[in-house]
Amino acid sequence: SQQVPVTSSDEIGDLARDFNQMARTLEISEKQRQQMLADTAHDLRTPISIMRSHLEAMLDGVFPATPENLAIVHEETLHLSRLVDDVRTLSLVETGQLPLNMSLVVITELVQQVVAAFMPLAEADGVQLNTNFTKTDPIKADAARLHQVLANLIANALRYAPQGEENPPTVNVTVKNQRDTVRIGIKDNGPGLTADQQQHVFDR
């Protein structure tokens with residue numbers, strides 16, 4: 001972040017300007033590196049928490065080690081592997097060039113899969129995780145990215161559902177047709193965001 005004064009227009013001045021530009025570039029690169037680490041840690045936390053809760057529930061005898069329950073853990077390991085691969089392409093996010101792998105996706109099946117992964121966490125925290133789906137047509141989307149977004153939203157909803165209140169903490173996940181689109185809703189009964197906070201939802 002250090003800058004040197006430019007006091008002339010000769011070769012010494014050119015060198016000073018080049019040095020300052022180099023310093024600015026290095027500073028930007030360092031900030032991007034730190035942000036990449038923060039983004040990666042945030043995204044890795046959710047699948048690791050899901051895997052841990054399922055495995056602990058199986059070890060404690062709460063969940064049987066059935067193929068269905070093991071399949072959820074396996075799916076999260078695949079999701080975790082995809083996130084690790086994303087570290088190599090995270091710089092593309094900064095330039096808006098992250099590729100999407102589009103395919104036909106049955107939204108209700110995808111959402112149900114994500115919800116099932118969070119059931120042990122919800123039960124451990126005493127949160128009611130409810131679903132209400134209507135039949136929808138397949139849509140063209142990137143299933144892995146939708147999984148990532150839904151997992152982050154449900155994880156946040158579980159985290160901010162009120163604890164110790166008279167009404168039990170609840171998270172409702174809905175899927176419904178809305179004209180020519182499919183609408184996914186994730187709502188908890190926590191305090192929500194203030195009007196000022198809502199203005200910064202899409203800030204880092």
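Student: Among contacts in the chain between residues at least 6 apart in sequence, what share joins residues at least 24 apart?

Tutor: The share is 68%, where contact means heavy atoms within 4.5 Å. The model is a predicted one, in which local features need pLDDT of at least 70 and side-chain atom pairs count only at pLDDT 80 or more, while totals for chains, interfaces and linings use all residues. Residues are numbered from 1 along each chain as its sequence is written, and side-chain values use heavy atoms, with hydrogens and water left out.

Student: How do you know what span to expect of helix α1?

Tutor: Helices are DSSP runs of H or I with at least four residues, strands are runs of E with at least two, and both are numbered from the N terminus. The expected span is 1.5 Å times one less than the number of residues. For the 49 residues of α1 (residues 11–59) this gives 72 Å, and the end C-alpha atoms are 71 Å apart, so the two values agree.

Student: Where does α1 bend?

Tutor: The bend, of about 25°, is at arginine 45, and proline 47 follows within four residues. The angle is taken between axes fitted to the seven residues ending there and the seven starting there.

Student: Why is threonine 136 called buried or exposed?

Tutor: Buried means under 20% relative accessible area, exposed over 50%, and partly exposed in between, with a 1.4 Å probe and protein chains only. Threonine 136 has 8% relative accessibility and therefore counts as buried. This residue is found in the loop between β2 (128–133) and β3 (139–141). Leaving aside neighbours within four places in sequence, its contacts include Ile107, Val175 and Val182.

Student: What makes a set of residues a nonpolar core?

Tutor: Such a set consists of buried Ala, Val, Leu, Ile, Met, Phe, Trp, Tyr and Cys residues joined through side-chain atoms within 4.5 Å. The largest one has 24 residues, and Val111, Phe118 and Val173 are among those with the most contacts inside it. Two or more residues are given to this core by each of α4 (107–125), α5 (143–160) and β4 (170–178). Its largest share, eight residues, comes from α4. Another core, of six residues, lies apart from it and includes Met51 and Phe63.

Student: What radius of gyration does the chain have, set against a compact globule of 204 residues?

Tutor: The globule rule is 2.2 Å times the number of residues to the power 0.38, with the radius taken over C-alpha atoms. A compact globule of 204 residues would come near 17 Å, but the chain has 23 Å.
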